[in-house]
Amino acid sequence: MIKALLTDIEGTITRISFVKDVLFPYAAQQLPAFVRGHTEQPEVAEQISAVKAEINEPNADIDTVISTLLTWIEEDKKITPLKQLQGLIWQTGYENGDFTGHLYPDAYQFLQQQKQAGQQLYVYSSGSVKAQHLIFQYSDFGDIRSLFSDYFDTKVGAKQAPSAYENIITQLPFNPDEVLFLSDVVAELDAAKTAGLKTLHLIRDGQESSSKHSYINDFSQFKAEHLA
Ligand SMILES: CSCCC(=O)C(=O)COP(=O)(O)O
Ligand SMILES: [Mg+2]
């Protein structure tokens with residue numbers, strides 16, 4: 001019996017184009033000045049060191065760090081220092097009202113209903129925990145952070161690694177088979193299933209027509225049997 005839902009963000013409850021066409025270009029545009037202007041800020045300095053470690057160039061200059069980060073954005077790399085910096089940069093965009101956090105209306109309604117029905121809701125995204133807080137604080141439906149009990153990012157591991165889901169489960173008061181993981185990415189669902197979680201594939205916007213996991217096209221198709 002499912003007692004908690006663990007949801008991905010992009011492609012599951014948020015339109016992919018919001019991330020790819022709004023958030024990523026904003027981060028790419030702001031990143032050079034942001035990194036140069038905040039090298040002394042501990043949170044930023046930590047990520048700059050992590051970039052240097054990732055590329056095995058401890059003495060890399062700031063230009064190399066910035067061009068590496070911009071390449072990672074272009075390639076949609078889910079590398080922790082990039083994701084942490086993006087979260088810091090998006091804060092300004094949300095605060096200035098440059099954009100609001102997109103949520104599919106069916107996803108918002110579903111999350112509200114499940115919360116009211118007693119499910120605990122958790123988030124696991126490649127976006128940093130800070131970026132997750134922001135998308136929900138400044139969502140199209142207002143500040144909905146109170147829906148969620150906790151948030152996880154790539155600090156627990158990559159989303160395609162079973163160990164990441166095992167790490168999350170150690171932090172929750174549930175057995176793996178009491179948690180339903182929602183995602184649009186098969187490799188993530190496979191990893192969660194290997195770790196013992198139940199899975200549900202979101203196949204939105206006509207992307208595919210079948211799945212080896214249980215699947216729905218949007219949350220209006222969610223049924224009680226998915227919680228069994
Ligand atoms: C938290 S909104 C930004 C999402 C993001 O940066 C990203 O890479 C999306 O990854 P997800 O794991 O939510 O598909
Ligand atoms: Mg996704």
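Let's start with where ligand 1 sits. Domain 1, which covers 4-15 + 100-227, and domain 2, covering 19-95, both give residues to the shell around ligand 1, so the ligand lies between them. Please keep in mind that this is a predicted model.

Which residues come nearest to ligand 1? Of the 16 residues around it, those are I9, E10, S125, S126 and G127. As for their chemistry, the shell around ligand 1 divides into 5 nonpolar, 6 polar and 5 charged residues. If you would rather think in helices, three of them each supply at least two residues of that shell: helix 1 (16-37), helix 4 (80-95) and helix 6 (129-137). Helix 6 gives the largest share, with 3 residues.

Now let me step back to the whole chain. How many helices and strands are there? The chain has 8 helices and 6 strands. If you walk along the sequence, the pattern reads β-α-α-α-α-α-β-α-β-α-β-α-β-β. The radius of gyration is 18 Å, close to the 17 Å that the globule rule gives for 228 residues, so the chain is as compact as a globular protein of that length. Taken along the principal axes, the C-alpha atoms fill a box of roughly 55 × 35 × 35 Å. And of the 228 residues, 34% count as buried.

On to the sheet, then. As a reminder for everyone, strands of a sheet pair through backbone hydrogen bonds, either parallel or antiparallel. Here we have an open sheet of 6 strands, in the order 3-2-1-4-5-6, with parallel pairing. Strand 3 and strand 6 (215-216) stand at the edges, and each has a single partner strand, so one side of each is left without a neighbour in the sheet.

You can follow the pairing residue by residue on the model. Strand 1, residues 4-7, pairs with strand 2, residues 120-124, in the parallel sense over 4 bridges. To find that contact, look for L5, which stands opposite L121 in strand 2. Strand 2 also pairs with strand 3, residues 150-152, again in the parallel sense, over 3 bridges. There, Y122 has D150 in strand 3 as its bridge partner, and V123 has Y151 in strand 3.

How are strand 2 and strand 3 connected? Together with helix 6, they make a right-handed β-α-β unit. So that brings us back to a familiar name, since helix 6 is the one with the largest share of the shell around ligand 1.

Before I stop, two residues deserve a look for their backbone angles. Most residues other than glycine have a negative phi. Which residues go against that here? One is N56, with a positive phi of about 55° although it is not a glycine. You will find N56 in the loop between helix 2 (42-54) and helix 3 (62-74). N56 is exposed, with 7 other C-beta atoms within 10 Å.

The other one I picked is D76, also not a glycine, and with a positive phi of about 55°. D76 is in the loop between helix 3 and helix 4. Is D76 buried or exposed? With 12 C-beta neighbours inside 10 Å, D76 counts as exposed.

That's my tour, and thanks for listening!

Key. Residues are numbered from 1 along each chain as its sequence is written. Chains are lettered from A and ligands numbered from 1 in the order in which they are written. This is a predicted model: local features need pLDDT of at least 70, side-chain atom pairs count only at pLDDT 80 or more; totals for chains, interfaces and linings use all residues. A residue is near a molecule or strand if its C-beta atom, placed from the backbone, lies within 6 Å of it. Ala, Val, Leu, Ile, Met, Phe, Trp, Tyr, Cys and Pro count as nonpolar, Asp, Glu, Lys and Arg as charged, and the others, Gly among them, as polar. Domain bounds come from an automatic or database domain assignment. Two strands pair if DSSP finds at least two bridges between them. A crossover is right-handed if, with the strands pointing away from the viewer, the path from the first strand over the helix to the second runs clockwise. The radius of gyration is taken over C-alpha atoms; the globule rule is 2.2 Å times the number of residues to the power 0.38. A residue is buried if 20 or more other C-beta atoms lie within 10 Å of its own, exposed if 12 or fewer, and partly exposed in between; C-beta atoms are placed from the backbone.
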